[in-house]
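Let's take a walk through this fold, one piece at a time. Have the structure open and turn it as you read.

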Amino acid sequence: MQRELLIIRHAKAEEIHIGQDDFDRSLKKRGVRDAETMGELLRDRQLAPDLICVSPAKRTSKTAEIIAKSFHYSKDSIIFERNIYDADLHTLLQVVNFLPDSAKRVYLVGHNPGLTMLADYLGDTSITFIPTCGIAYLGFDVESWGLISKGLGHLIWLETPKENI
């Protein structure tokens with residue numbers, strides 16, 4: 001595989017409080033544990049990221065930071081992409097197509113329903129639903145992120161925290 005995309009949904013977030021903006025929701029304790037579990041899974045499988053691209057919402061940022069710690073990946077190296085927040089399929093595909101070709105393995109951390117739609121669109125099988133802190137790992141036999149389009153990806157695996165406790 002020349003390109004690897006790990007589509008990661010944020011971990012379990014706290015409920016929204018009256019007067020709170022959805023963007024500012026943090027993780028529940030379970031969400032922190034789940035992100036740690038999935039970071040360990042990625043480390044154990046030796047899937048260190050070349051780049052982590054994440055929605056700047058608090059729950060996605062925290063998820064990405066926890067997973068990044070598993071690899072000693074500096075949180076200062078995480079790329080925050082505003083367009084990932086509440087993005088539709090078309091917007092997420094644009095984000096993927098503009099990833100730097102110097103990065104072979106990218107973690108894309110964001111939100112549903114967009115992430116599930118992206119995984120289904122790019123992959124060779126239907127996922128239907130990525131649960132909180134679930135990871136869809138897709139491989140692409142293309143030389144550039146700009147060439148990625150519908151059905152070109154191969155789903156290598158889909159993992160969830162519940163399967164790895």
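One bit of vocabulary before we start: an angle between two elements is taken between their N-to-C directions and runs from 0 to 180 degrees, with the axes being lines fitted to C-alpha atoms. Keep in mind, too, that this is a predicted model.

With that in hand, look at helix 4, which runs at about 150 degrees to strand 1. Helix 4 lies across strand 1, strand 4, strand 5 and strand 6. Those strands belong to an open sheet of six, ordered 3-2-4-1-5-6, with mixed pairing. At the edges sit strand 3 (79–80) and strand 6, each of which pairs on one side only. Further in, strand 1 and strand 5 (residues 135–140) pair in the antiparallel sense, over six bridges. If you want a spot to zoom in on, find Leu6: its bridge partner in strand 5 is Tyr137.

Now swing over to helix 3, residues 89–97, where Leu92, Leu93, Val95 and Val96 are buried. Down the axis of helix 3, the buried residues fall within an arc of 155 degrees, so they line one face of the helix. That fits a general habit: an α-helix has 3.6 residues a turn, so residues three or four places apart point the same way. And what do the buried residues of helix 3 pack against? They pack against strand 1 (3–9), strand 2 (51–54), strand 4 (105–110) and helix 4 (114–122).

Next come the charges. Side chains of opposite charge can pair when their charged atoms come close. A search of the whole structure turns up seven salt bridges. One of them joins Glu4 and Arg105, at 2.8 Å from N to O. Glu4 is in strand 1 and Arg105 in strand 4, so this pair ties together parts 101 residues apart in sequence. Are these two buried or exposed? Both Glu4 and Arg105 are buried.

Another salt bridge runs between Glu159 and Arg45, whose closest N and O atoms are 2.9 Å apart. Here too distant parts of the chain are linked: Glu159 is in strand 6 (residues 153–159), while Arg45 is in the loop between helix 1 (29–44) and strand 2, 114 residues away. Glu159 counts as buried because its relative accessibility is 12%, under the 20% cut-off. Arg45, at 35%, counts as partly exposed. Elsewhere, salt bridges with shared partners join Asp22, Arg25 and Arg59 into one network.

Finally, stop at Asp44 and Arg43, whose side chains meet in a salt bridge at 3.6 Å, N to O. Asp44 counts as exposed at 57% relative accessibility, whereas Arg43 is partly exposed at 38%.

Definitions and conventions. Residues are numbered from 1 along each chain as its sequence is written. This is a predicted model: local features need pLDDT of at least 70, side-chain atom pairs count only at pLDDT 80 or more; totals for chains, interfaces and linings use all residues. Side-chain values use heavy atoms; hydrogens and water are left out. Buried means under 20% relative accessible area, exposed over 50%, partly exposed in between (1.4 Å probe, protein chains only). Helices (H or I, at least four residues) and strands (E, at least two) are DSSP runs, numbered from the N terminus. The arc is that of the directions from the helix axis to the C-beta atoms. Contact means heavy atoms within 4.5 Å. A salt bridge is a side-chain nitrogen of Lys or Arg within 4 Å of a carboxyl oxygen of Asp or Glu. Two strands pair if DSSP finds at least two bridges between them.
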